[in-house]
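Open the model in your viewer and keep the sequence panel beside it. This tour moves from one selection to the next.

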Amino acid sequence: MGNAADQVFVILERWLVGHAPAELQPILSSLLSVIALLVVFASLFAITTILERKGLGRIQNRYGPNRVGPFGFLQPLADGIKSLTKEDIVPHAADKVVHFLAPVVLVVAAFSLYAVLPVGRNMVLANLDAGVLFFFAVGSVMELTIFMAGWSSQNKYSLLGAMRAIAQMISYEVPLILASVTVIMAAGSLSTVTIVEKQAGYSGILPHWFVFTPWGFAGFVLFMIAATAESNRSPFDLPEGESEIIAGYYTEYSGFKFALFFLGEYLGMFAISGLGITLFLGGWTAPLSFLTWVPSYLWFFAKLLAMIVIFIWVRGTLPRLRMDQLMNFAWRFMLPMALLDLVTAGIWHFLAHGIARWILCSLLVVVPYVLLGRGLTQGWKLEKRVYRFAE
Amino acid sequence: MLGEGIAKGFVETARNFFGSYFSKDRLTTVQFPEERLPQIEATRDFPFLVYDGEDWQAGMRCVACQICEKECPPKCIYIEKSKDKKPDAVGKPQFYPAVFNIDVSVCMSCQICVEVCPFEAIKMDTEFELSTDDRFGGLLWDKAELSKSNAHYRKVHPTDAAASDAILAEERAKVEAKAKSAGKVKAIPTSPATGSEVSSTQ
């Protein structure tokens, strides 16, 4: 029975496709999966916006939106109608074609990321042999669209935001990919499906997720920090820092194009969280061996929601970094940590099972963390500022 | 060690998040249309014309001297003087405004009209829910819309209203004393409602 519930969507799709002539079946099958992904993740976006606004409100001791519908949960609907009915203004000097293409390409690229994410057992749109590579390749298209938006707007703030975004995303792409390489080394495959299958076993009741190893834990934390930077979310939201450069690269966007940027940004965040789940948190596998009867896709979405909650919590807690802090953190902390983590993963692989392996690899993670952290914070001695005229 | 401050921050925000569900004192938001904070006495936004007694036309304090019209920085006041005269708040026969318009969309709430008015006739109101679907006609108030009773003024700004009443009472007494010393039998017509109102506040 548990198996039927687990595979219900797969069986439903096969049944629907079975009615079509044989030569149309592969196309129809992909089409159905694409529609399902579009609907599910677009609604997840709507739910996340309201959860985020309410969560941030509560963190700041406010109510958050509570007027539209029961407890304000229809707010995304109202926002959607509002952005659809607003005037779409294109600046006179803007490069109209690129200005129009930027949000469209962003959303297309963001949706393409989901092609390789296994959201459940047998539930992946395309099981590519180089799935992780595909993910990062399409992910860098999103950087391009941000630069397209900033450049085509012919606005100094847009361009500044785009430049910041490029600098930040290229810097953080390095630790992001290095952190994922540890998992690719351990799993011996670039296919997301294979990576999840490698983590599907249990010792006793505990799962074989990569996050439950010293290198995997460090890799996961590095990956999530880099993912936050990649998705331009607080505390790495310099490209759209409203107190400094209005709204960064989407200053000149209004109406539904603005909403598309918003959508693309959140979709990127979900996708990269999904990749983090696939690589480190065992994808759709259950967290405890006796919970495997729960359908696999529910576990994936439960993990995804947990990641979203963490993203919201981080946004509500941490203030925005300064540009030099951002770069220092990427190159003086994240990069050496990721490289050392790569070595640790190799050592872990070749050492015999046992407590010695755990102690050695934990030390290899903790000691560099402390030392690098000290090196990073040493230049930040805070002094009392002396004002010449104000005092 | 790196990360200690971040961990502290996370604990603090989590405490705020859960605390806001358990203790109402944490939430500072006032759910506006249903709940309202009591208005502070110094609140003021747009001017109104004070009248004494029941009838706004008879009790209008304004004598159409047009000082406020000339002083108004954004020039949002428009006054036309009447041809005939009527007794003002202290009992002297005076002109009154045939037309008195204020364009609220132009008014910048500076209160200069109130400062310059020698007749205690124009004062600041506290009404702020003024949205209208007609941005031209709906925001151009004529004298009927601008007139509000002295009782209203006493309600919104009690201290200022008392001071203003005292000034008017003193002037009225002066006018009466002058009339008496002149030995005139003919009494200066005073609005009976005005007199009783002033005495009741003092």
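Two strands pair if DSSP finds at least two bridges between them. Helices (H or I, at least four residues) and strands (E, at least two) are themselves DSSP runs, numbered from the N terminus. This is a predicted model: local features need pLDDT of at least 70, side-chain atom pairs count only at pLDDT 80 or more, and totals for chains, interfaces and linings use all residues. Residues are numbered from 1 along each chain as its sequence is written, while chains are lettered from A and ligands numbered from 1 in the order in which they are written.

**Stop 1: the sheet around β1(B)**

Select β6, β1 and β8 of chain B. They form an open sheet of three strands in the order β6-β1-β8, with mixed pairing. β6 (122-124) and β8 (147-149) of chain B are the edge strands, and each pairs on one side only. Neighbouring strands here are turned by 55 degrees against each other on average, direction ignored. Those angles use axes that are lines fitted to C-alpha atoms.

Now colour β1(B), residues 47-51. Its pairing with β6(B) is antiparallel, over three bridges. Show side chains on this pair. L49(B) stands opposite I122(B) in β6(B), and F48(B) stands opposite K123(B) in β6(B). Turn to the other partner. β1(B) and β8(B) run parallel and are joined by three bridges. There, V50(B) stands opposite K148(B) in β8(B).

Is β1(B) mostly covered or mostly uncovered? Mostly covered: five of its five residues are buried. A residue is buried if 20 or more other C-beta atoms lie within 10 Å of its own, exposed if 12 or fewer, and partly exposed in between, with C-beta atoms placed from the backbone.

**Stop 2: the second sheet of chain B**

Select β2, β5 and β7 of chain B. These three strands form an open sheet in the order β2-β5-β7, and the pairing is antiparallel. β2 (77-81) and β7 (140-141) of chain B stand at the edges with a single partner strand each, so one side of each is left without a neighbour in the sheet.

β5(B) covers residues 97-103 and pairs with β7(B) over two bridges, in the antiparallel sense. Label I102(B): it stands opposite W141(B) in β7(B). Five bridges join β2(B) to β5(B), also running antiparallel. Label E80(B) too; its bridge partner in β5(B) is V99(B).

**Stop 3: chain B as a whole**

Zoom out to chain B. Its secondary structure comes to seven helices and eight strands. The radius of gyration (taken over C-alpha atoms) is 24 Å, well over the 17 Å that the globule rule (2.2 Å times the number of residues to the power 0.38) gives for 202 residues, so chain B is more spread out than a compact globule. Its C-alpha trace spans about 95 × 40 × 30 Å along its principal axes. Buried residues make up 22% of its 202 residues. Two residues are in contact if their C-beta atoms, placed from the backbone, lie within 7 Å. Among contacts in chain B between residues at least 6 apart in sequence, 73% join residues at least 24 apart.

**Stop 4: the nonpolar cores**

A nonpolar core is a set of buried Ala, Val, Leu, Ile, Met, Phe, Trp, Tyr and Cys residues joined through C-beta atoms within 7 Å. Select F223(A) and A226(A). Of the 91 residues in the largest nonpolar core, these two touch the most other members. Helix α11 (residues 255-280) of chain A gives the most to this core, with 13 residues. Centre on A226(A). Not counting residues up to four places away in sequence, A226(A) touches Y172(A), P175(A), L176(A), A179(A) and M334(A). Another core, of 27 residues, lies apart from the largest one; A64(B), Y96(B), C113(B) and F119(B) are among its members.

**Stop 5: where the chains meet**

Show both chains. 14 residues of chain A are in contact with 14 residues of chain B. On the side of chain A that touches chain B, α3 (25-59), α12 (296-317) and α14 (355-378) each supply at least two residues. Which helix gives the most to that side? α14(A) does, with four residues.

**Last stop: S30(A)**

Select S30(A), in helix α3 of chain A. S30(A) counts as partly exposed because it has 14 C-beta neighbours inside 10 Å. Add A115(A): it is 85 residues from S30(A) in sequence and 9.9 Å away in space, C-alpha to C-alpha.

Technical notes:
Axes are lines fitted to C-alpha atoms, for helices over the stretch in contact, and angles run from 0 to 180 degrees between N-to-C directions.
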